[in-house]
Amino acid sequence: MTLALYARRARSRIVDDLDAAIARDPAATSRVDVALNAAGLHAIWAYRFAHRLWVRGGWTKPVARVVMTLVRSVTGVEIHPGAVIGRRFFIDHGMGVVIGETAEVGDDVMLYHGVTLGGRSMQRVKRHPTVGSRVTIGAGARVLGPVHIGDDVQIGANSVVVKDVPTGAIATGIPATIRFPQGTEDPYEAMFRDPALWI
């Protein structure tokens, strides 16, 4: 890949991330505002750099870990450089988010502060969640173990998910129970029926 092509791809990714943040954060006023002030975005940009080092292997793996440790101390977001994260990923507020080494996250996913994509095994296996695309995970939610979260899922605030969640479902509670939107259910009205969706 030429340097010019790499620069174009990097710029495209940055613009995608900025626009995704603006679309999901009503407090964001411009790309400049988001670029300077969104800690979750700073963490994901650093992660993308560290992930490239991690994948390269050898002596760059420890460097990747150091980079993300420094980022955690600045942003409050801990992302293992071995995690695989898709495009237009956004962490609102950021503080307290933890994403484990074998986590896989699709495109257009949004996490709020305090979310954990964590493991339940001490073995060197796939031990963290796989999250589909267009998923929203509310503040303080815990998704634990090698569970699969389907596309277009909503996980309510402070929920604890330890089982698979099928595509299009809503998961809330401790442990999370699963339901599906009813017909043309208005997402705003749904929050009054299920307060954990106040994410």
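**Exercise 1. Parallel strands**

Task: Determine how many bridges join strand S10 to S13, and in which direction the two strands run.

Solution: Start with strand S10, residues 142–144, which is joined to S13 by two bridges, the two strands running parallel. Strands such as these are DSSP runs of E with at least two residues, while helices are runs of H or I with at least four residues, and both are numbered from the N terminus. Two strands count as paired if DSSP finds at least two bridges between them. Within this pair, Val143 stands opposite Val161 in S13.

Before going on, note that this is a predicted model, in which local features need pLDDT of at least 70 and side-chain atom pairs count only at pLDDT 80 or more, whereas totals for chains, interfaces and linings use all residues. Residues are numbered from 1 along each chain as its sequence is written, and side-chain values use heavy atoms, with hydrogens and water left out.

Next, place the pair in its sheet, which is open and consists of five parallel strands in the order S1-S4-S7-S10-S13. S1 and strand S13 (160–161) stand at the edges with a single partner strand each, so one side of each has no neighbour in the sheet.

**Exercise 2. A sheet of four strands**

Task: Work out the order of the strands in the sheet that has four of them, and explain why one side of S2 is left without a neighbour.

Solution: The order is S2-S5-S8-S11, in an open sheet with parallel pairing. S2 and strand S11 (148–149) are at the edges, and each has a single partner strand, so one side of each is left without a neighbour in the sheet. Now look at one end of this order, where two bridges join S2 to strand S5 (residues 104–105) in parallel, and where Val84 stands opposite Glu104 in S5.

**Exercise 3. Helix H3 and what covers it**

Task: Compare the span of H3 with the span expected from its number of residues, then follow the buried residue Ala50.

Solution: The expected span of a helix is 1.5 Å times one less than its number of residues. For the 18 residues of H3 this gives 26 Å, which agrees with the 26 Å between its end C-alpha atoms. Just after H3, Gly57 takes a positive phi of about 80°.

The second step concerns Ala50, which is found in helix H3 and is buried, with a relative accessible area of 0%. The word buried means under 20% relative accessible area, exposed means over 50%, and partly exposed lies in between (1.4 Å probe, protein chains only). Other buried residues of H3 include Gly40, Tyr47, Arg48 and Trp54, and among the elements that cover the buried residues of this helix are H1, helix H2 (31–37) and H4.

Leaving out residues up to four places away in sequence, Ala50 touches Ala64, Val67, Met68 and Pro81, where contact means heavy atoms within 4.5 Å.

**Exercise 4. The largest nonpolar core**

Task: Identify which residues touch the most other members of the largest nonpolar core, and which helix gives the largest share of this core.

Solution: A nonpolar core is a set of buried Ala, Val, Leu, Ile, Met, Phe, Trp, Tyr and Cys residues joined through side-chain atoms within 4.5 Å. The largest one has 48 residues, of which Ile79, Phe89, Ile99, Ile137, Ile149 and Ile155 touch the most other members. Elements that each supply at least two residues include helix H1 (3–24), helix H3 (39–56) and helix H4 (60–75), and H3 provides the largest share, eight residues.

To see one of these residues in detail, take Ile137, whose contacts, not counting residues up to four places away in sequence, are Met110, Leu111, Tyr112, Val115, Leu117, Val143 and Ile155.

**Exercise 5. Backbone angles in loops**

Task: State where Arg88 and Asp152 lie, and whether each is buried, exposed or partly exposed.

Solution: Arg88 lies in the loop between S2 and S3, has a phi near 55°, a positive value in a residue other than glycine, and is partly exposed, with a relative accessible area of 26%. Asp152 lies in the loop between S11 and strand S12 (154–155), has a positive phi of about 60° although it is not a glycine, and is partly exposed at 37% relative accessibility.

Finally, turn to the loop between strand S14 (170–172) and strand S15 (177–179), where Pro175 lies. A cis peptide bond joins Ile174 and Pro175, with omega about -15°.
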